[in-house]
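Trainee: Could you take a close look at the cysteines in this one for me? I'd like to know how they sit in the chain and what surrounds them in the overall picture.

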Amino acid sequence: MPVINVDDLTDKDKAVMEVNQLKIEIKLERWLTSKCCEEIKEYIQAGVEEDTLVKGISEEKNPFKEKGGCVIC
């Protein structure tokens, strides 16, 4: 898809682009925020046992664990 410099377009071209974008957006299915939040909450709670951000990484499987100490002589 070619890059369009908006500054080079006429006002009519900008208006046509905006109308086309609005036509695309009007076709999108819209959901209530409360319904979406509940679904996201259920999804997160369903995977909480495997989520490393929630339970952390075990020391055996941690690839970023300190290999050894640093000694300055």
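Mentor: Let's start with the fold: the chain has three helices and zero strands, so reading from the N terminus the elements simply go α-α-α. Keep in mind that this is a predicted model.

Now for the overall dimensions. The radius of gyration comes out at 25 Å, whereas a compact globule of 73 residues would have one near 11 Å. The C-alpha trace covers about 70 × 45 × 20 Å along its principal axes. Burial is scarce too: just 1% of the 73 residues count as buried. The chain exposes about 7700 Å², and carbon and sulfur atoms supply 59% of that area.

On to your cysteines. A disulfide is a covalent bond between the sulfur atoms of two cysteines. How many disulfides does the structure hold? The count is zero. Take Cys-36: its nearest cysteine sulfur belongs to Cys-37 and is 6.9 Å away, and Cys-36 is in no disulfide. Going the other way, Cys-37 is in no disulfide either, with the sulfur of Cys-36 as its nearest, 6.9 Å away. Why does that pair not count? Because a disulfide needs the two cysteine sulfur atoms within 2.5 Å, and here the distance is 6.9 Å. As for cover, Cys-36 is partly exposed, at a relative accessible area of 23%. Cys-37 is partly exposed as well, at 44%.

Helix H2 takes in residues 33-46, and Tyr-43 has its place there. Is Tyr-43 buried or exposed? Exposed, with a relative accessible area of 68%. Tyr-43 also belongs to a nonpolar surface patch, together with Ile-40 and Ile-44, and the three have about 370 Å² of accessible area together.

For a contrasting spot, go back towards the N terminus. Leu-9 lies in the segment before H1, and Leu-9 is partly exposed, with a relative accessible area of 22%. Which residues does Leu-9 contact once its neighbours within four places in sequence are set aside? They are Ile-4, Lys-14 and Met-17. Lys-14 is the one to follow from there: Lys-14 sits in helix H1, residues 11-26. With residues up to four places away in sequence not counted, Lys-14 touches Val-6 and Leu-9, so the contact with Leu-9 turns up from the Lys-14 side too. Lys-14 is partly exposed, since its relative accessible area is 32%, and partly exposed covers values between 20% and 50%.

To pull your question together: Cys-36 has no disulfide, Cys-37 has none, and the structure as a whole holds zero.

Terms used: Residues are numbered from 1 along each chain as its sequence is written. This is a predicted model: local features need pLDDT of at least 70, side-chain atom pairs count only at pLDDT 80 or more; totals for chains, interfaces and linings use all residues. Side-chain values use heavy atoms; hydrogens and water are left out. Patches are made of residues with over 30% relative accessible area and no salt bridge: like charges are joined within 9 Å, nonpolar side chains (Val, Leu, Ile, Met, Phe, Trp, Tyr) within 5 Å. Accessible areas come from the Shrake-Rupley method with a 1.4 Å probe; for residues, only the protein chains shown count as cover. A salt bridge is a side-chain nitrogen of Lys or Arg within 4 Å of a carboxyl oxygen of Asp or Glu. Helices (H or I, at least four residues) and strands (E, at least two) are DSSP runs, numbered from the N terminus. Buried means under 20% relative accessible area, exposed over 50%, partly exposed in between (1.4 Å probe, protein chains only). Contact means heavy atoms within 4.5 Å. The radius of gyration is taken over C-alpha atoms; the globule rule is 2.2 Å times the number of residues to the power 0.38.
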